[in-house]
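Please work through the exercises below with the sequence and the structure open beside you, and try each task before reading its solution.

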Amino acid sequence: MNLLPLTLLLPLLGFLALAFSRGRLNENQAATIGVGSVGLAALTALWVGWQFLSAPPAGGVHVQPLWQWLEVDGFAPAIALHLDGLSLTLLGVVSGVGFLIHLFASWYMRGEEGYARFFAYMNLFVASMLLLVLGDNLLALYFGWEGVGLCSYLLIGFYYRNPANGAAALKAFIVTRIGDVFLALGLFLLYHALGTLNIRELLELAPQRFASGDALLTLATLLLLGGAVGKSAQLPLQTWLADAMAGPTPVSALIHAATMVTAGVYLIARCHGLFSLAPLSLALVGAVGAITLLLAGCAALVQRDIKRILAYSTMSQIGYMFLALGVGAWQAAIFHLMTHAFFKALLFLSAGAVINACHHEQDIFRMGGLRRRLPLVYACFLVGGGALAALPLVTAGFYSKDEILWQALAGGERLLLAAGLVGALLTSLYTFRLIF
C-alpha cells in the first residue's frame with residue numbers, strides 16, 4: 001500500500017506536463033499523457049485495493065503520513081492519506097470511471113481548440129477529487145474540495161468564446177462557493193470545539209464531548225450540510241447543475257457521475273459519527289434529499305435537451321443518496337453512489353456519441369430512428385437507462401435503490417419511503433421518454 005500516493009501524484013504530474021507544454025504537444029501526445037496518467041492511477045488503485053483486501057490493516061484503516069503541513073500554536077495538520085473501505089470505494093470509482101471518461105474524451109475532443117488544455121484541466125480535476133476522498137483530515141479534504149470547484153469552473157467554461165458558457169461557469173463557481181463558505185465555517189466550529197480536524201479523532205472525541213442533540217454540534221453539522229448541498233446540487237443550491245451542461249459532454253460525465261456532485265454525499269458519510277449525534281441535522285439531510293429527488297424528477301419530465309434530462313436525473317439520484325444518509329443507511333448511500341457513477345457515466349458518454357452523430361443536435365424531439373443507425377450506442381443507452389430506472393433483478397440500480405427504500409421502511413420513515421417510491425416512478429418515466 002506504499003504506492004497509494006501515486007494514485008494522486010500521477011494525474012497531478014499529467015496536469016503539470018500538459019499545463020506547461022504551451023501548445024507544443026500534438027493531439028496524440030496530449031492524449032497519451034492525459035489518458036495514460038489517469039490509467040496508471042487506476043491500475044495503481046487496483047493494486048492498492050487488492051493489497052488492502054487481501055491483507056487488511058489493523059482496525060481496517062491504513063494511514064500514510066506524507067509531511068506535516070504547518071504548525072501554529074499547537075495546530076499541526078499533517079498531509080496524510082487515509083484508506084479504509086469508504087475511501088477505497090471512492091478511489092476505485094474516481095480513478096476507474098475517470099479513466100474511461102478520459103479514454104472517450106480522447107476521441108470526442110479530436111479537432112477541438114485547446115485539446116491539451118482540456119486534458120490538463122481533467123487531470124487536475126481527478127487529482128483534486130482523489131485528495132478529497134483520501135485526505136486524513138478535513139483541511140486536506142477542503143483543499144481537494146476547492147480544487148474540484150476550480151476545475152469545474154474551468155471545464156464548464158471550456159468553450160469560453162461563447163459568453164453563455166462563461167456565464168454558466170461563473171454561476172457554478174459562485175453557487176458552489178456559497179456552500180464552501182458554510183463548510184469552512186463548520187470546520188472552524190469543529191476545531192474550536194474539539195481542537196482537531198483529523199477525521200478519526202473527531203469521530204472519537206465527539207461522543208465524549210457532546211450529548212445527542214447538542215446545539216453546538218447541530219450547528220456544526222448543519223454548516224457541513226450547507227457545504228454538501230452546494231457541491232452536490234441539492235435544494236436550495238441546485239441551480240448551477242443544469243447550466244453546467246455548457247461544457248463538453250465528457251466534462252458532464254465526469255462532474256455528474258464520478259466526481260464533484262458525489263463529494264457532498266462522501267462528506268456526510270465520512271462524518272456520519274457527527275451526524276448521528278445531531279438528529280435534527282440528519283432529519284434535514286433526508287428531507288433535503290426527498291424534496292430534491294421529487295423536484296428534479298418532475299423537471300426532467302419536461303426537458304427537451306438530452307443532456308439537461310440527464311443533469312436533472314443526476315440531481316434526483318443524488319437526492320436518493322441524501323435520503324439514504326438521512327435514514328442512517330450509510331452503506332446503501334455509498335452503494336448507490338457507486339452504481340450511479342457507472343451507469344450515469346455510460347448514459348452521458350452514449351449521449352455524447354448521439355450528439356456527435358446528429359451534428360451537435362441536442363433536442364430529443366429532432367432525433368429518431370437512431371436504433372438502426374447506432375446499434376451499439378442504443379444498446380449502451382438501454383443498459384444505462386435500465387439501471388437508472390432500476391429494472392428489477394437484472395440491473396445494479398435496482399439493488400442499490402431497493403436497499404435505500406428498504407432502509408427507509410425499516411427506519412419507520414414513511415414520508416421518505418413514499419418520496420423514494422414516487423421518485424422511482426418519475427425516474428422510469430423520464431428515462432424511457434428519453435429512450436423512446
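**Exercise 1.** In this predicted model, determine which residues form a nonpolar patch on the surface, and which helix gives the most to the patch.

*Solution.* Begin with the members of the patch, which are Leu3, Leu6, Leu9, Leu12, Leu13, Leu16, Phe20, Trp47 and Trp50, together offering about 860 Å² of accessible area. Next, assign them to elements: those that give two or more residues to the patch are helix 1 (4-19) and helix 2 (27-54). Finally, compare the contributions, and helix 1 is found to give the most, with five residues.

**Exercise 2.** Decide whether leucine 16 and asparagine 165 are buried, partly exposed or exposed.

*Solution.* Take first leucine 16, which is found in helix 1; its relative accessible area is 37%, and because this value falls between the cut-offs of 20% and 50%, the residue is partly exposed. Turn then to asparagine 165, which lies in helix 6 (residues 163-194); its relative accessibility is 11%, so it counts as buried, the cut-off being under 20%. As a last step, look for its contacts: leaving aside residues up to four places away in sequence, asparagine 165 touches Ile156, Gly157, Tyr159 and Ala246.

**Exercise 3.** Compare the reach of helix 4 with the expected span, and explain why helix 4 is described as largely enclosed.

*Solution.* Helix 4 comprises 20 residues, 115-134, and its first and last C-alpha atoms are 29 Å apart, which is close to the 28 Å expected at 1.5 Å a residue. As for its surroundings, 19 of the 20 residues of helix 4 are buried, and therefore the helix is largely enclosed by the rest of the structure.

Terms used: Residues numbered from 1 in each chain as written. Predicted model: local features only at pLDDT ≥ 70, side-chain atom pairs only at ≥ 80, totals over all residues. Heavy atoms only, no water. Helix = DSSP H or I, 4+ residues; strand = E, 2+ residues; numbered from the N terminus. Expected span 1.5 Å × (residues − 1). Buried < 20%, exposed > 50% of the residue type's maximum accessible area, 1.4 Å probe, protein only. Patch = residues over 30% accessible without salt bridge, like charges linked within 9 Å, V, L, I, M, F, W, Y side chains within 5 Å. Areas by Shrake-Rupley, 256 points an atom, 1.4 Å probe, with all protein chains shown as cover. Salt bridge = Lys/Arg side-chain N within 4 Å of Asp/Glu carboxyl O. Contact = heavy atoms within 4.5 Å.
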